[in-house]
Amino acid sequence: MSATTEAAPQEDFRLDFRRVMVLVAVMLAMILELIDTSIVNVALPEMMGNLGATIDEIGWVVTGYIVSNVIIIPMTSWLSTRFGRKRYITASILLFTAASALCGISTTLPQLVFFRVLQGLGGGALISTAQTVMVESFPPSRQGLGQGLFGMGAMLGPSLGPTLGGWICDNFSWPWVFYINVPLGLLAAALCVLYLESPAHERVRRALRVDWPGIAFLVIGIGAIQTVFERGHRLDWFESSVIVTLTCVAVVATTLFVWRELTTDEPVVDLTVLHHRNLWVGCILGVAMGVGLFGVIFLFPVFSQSLLGWTAWQTGMAVLPGSIATAITMFIAGRLVWRTGPAPLYIAGAVVFTVALTGMMSWNHQSGWNDVIPTQIARGLAMGMMFVPLSTATLRMLPPADVPKAAGLYNLFRQLGGSFGIAVLGTMLDHRSKVHSAYLSEYLSALSPLSREREAALQAMFESRGMDPS
C-alpha cells in the first residue's frame, strides 16, 4: 500500500439528497445482511426447543446462510453485468426480505434451513455492491470518507447482531429476529428503486454466455471450503471422514475453478483483476482482518456468558463501546488517509490491535466491566484505523470497470478469513479446555481439603453474582 501526501484535487463534489438516499439504501441493506450472520446465534437454543432439533441439526441454520452467502459474493460483478446493477441489487434486497419473512413462519427445521439458504443468496450481493456504490459515489480525494461509511456498516453489523438478538429473544420470540428485516428491507428496496442510478460505464450484457462449468466449480469449491470451516470443529476435523472428503473436494473443485476462469473468454469471476498489486495485497490483509474481527467477536460471548455469567444483553452492551469507537475512528481515518497515506494508519491500527489483544489475555473469571470495556474500545479503535486505509488502498486506484470485480474478491477473502478465524479459535478453545480439564482432574478429589476450600470459594463467587452455583 503506497502512501501519498499530495494535496487532494478540488473536485466539484456535493453530497446531494439523491446521493444521500442511495448511501442510506445500500448501507441499510448491508447492515441487515451482516447482522443476520450473527443475530440468530443467541436464538438457537429457543429454536431447538421449538423445532425439536438437536444442537448439531440447528447449526445448519447458521451454516446454510453463510455458505450460500459466500458462494454468491464473488459472482456479484457478473450478475450485475448480466442484469444491471439497479435491477440486481433491488431484486437481491427483495429476495433477502421475502426469505426473512419465510424464515419467521417456518414450522420445521428443513423449511428454516432452506429459507436461510435463500436469504444468504439474496444477502451475498449486498456487501460487494454496497462497497462498489461507495467507491463510485465519492471522488478520489473523498474515498476515505466513502470507505469509512462502508466500514462502519461492515463492522457494526457483526457487533450489533448478538446485542439485538439478545434483546429480541428476551422480549419477544425467535421469529422476530427475522421479521425485523421485513420493513427495513422494503425501505432499502424502495430507496434503490427511487434513487439508485446505473453508473455511466455500465454495459448490461443480457446475451452474456453463462459459464456453467465455472459456476459449478465455484459452488462446489467455495461451498466445501466454507462447510469445512463451519462444521470442522464440531466434527473433530480430520478425524471425520466427512471433513476429509469435503477437503479433497474443495481442493479439486477450487483448482478446476481457477483453471476454468483463466482459460474461458467470459468467466463468471474475472480473476485477472488480481494483477493489480494493491488488490492482491489487500485480499491477503483482508483475510487477517476477517480473522481479527469475526474471531474476537465469536470468542467474547463464549467468555462472557459461560465464564462471567452475563446475559446476551449484557454481552451486547459490553461490545457496544467498541462498535461506537470503530464508527468514530472510521470517520476520522477517512479524513486522515488522504493526508497520511494508507500505510501509517494501518500500521498504527495493527499496533493498537496488538495492545488490545494483550489486554484480553489478562481476562479471567474475576474480570468485570472495568477490565472488559477499555480493551473493547481499543479493539474498536484498531479496527477503524485498519479498515479504512486497507479498503481505500485496495480499490481507489482501480479502473471503474474493475471495481465491482475487485470488491467481490476482496469481500470474499475477508469473509473466508473470518470463517477461518472462528474455526481455528474454536478448535483452540476446545483443545485447551480439554487439556486443563484433564490437568485438574488429576488433582481434584472430594477428600482433598484444598479441593473443598476451592469449591467453597467458587460457590461464594457465583452466589455473589446472583448465579446458581449448582
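These legends describe close-up views of a predicted model.

**View 1. The largest nonpolar core of the model has 75 residues.** The residues with the most contacts inside this core are Met47, Val61, Ile93, Leu112, Val177 and Phe178. Helix 1, which spans residues 17–35, supplies the largest share of the core, with twelve residues.

**View 2. Val61 and the residues in contact with it.** Neighbours within four places in sequence are left aside here. The contacts of Val61 are then Leu44, Met47, Leu109, Leu112, Val113 and Arg116. Val61 and Met47 are both among the residues with the most contacts inside the largest core, and Leu112 is listed with them.

**View 3. A second core is separate from the largest one.** This second core has 25 residues, including Phe303, Val319, Ala333 and Trp363.

**View 4. Phe172, Trp176 and Tyr179 are linked into a cluster by ring pairs.** The model has four aromatic pairs. In the pair of Phe172 and Trp176, the ring centres are 6.0 Å apart and the planes are at 45°. That angle lies neither under 30 degrees nor over 60, so the pair is tilted. Phe172 has a relative accessible area of 47% and is partly exposed. Trp176 is also partly exposed, at 44%.

**View 5. Trp176 and Tyr179 form an edge-to-face pair.** The distance is 5.2 Å centre to centre, with 85° between the planes. Both residues lie in helix 8 (residues 176–179), three residues apart, or about one turn of the helix. Tyr179 has a relative accessible area of 24%; this is not under 20%, so Tyr179 counts as partly exposed.

Technical notes: Residues numbered from 1 in each chain as written. Predicted model: local features only at pLDDT ≥ 70, side-chain atom pairs only at ≥ 80, totals over all residues. Heavy atoms only, no water. Core = buried A, V, L, I, M, F, W, Y, C linked by side-chain atoms within 4.5 Å. Buried < 20%, exposed > 50% of the residue type's maximum accessible area, 1.4 Å probe, protein only. Helix = DSSP H or I, 4+ residues; strand = E, 2+ residues; numbered from the N terminus. Contact = heavy atoms within 4.5 Å. Phe/Tyr/Trp six-rings, centres within 6.5 Å; stacked < 30°, edge-to-face > 60°.
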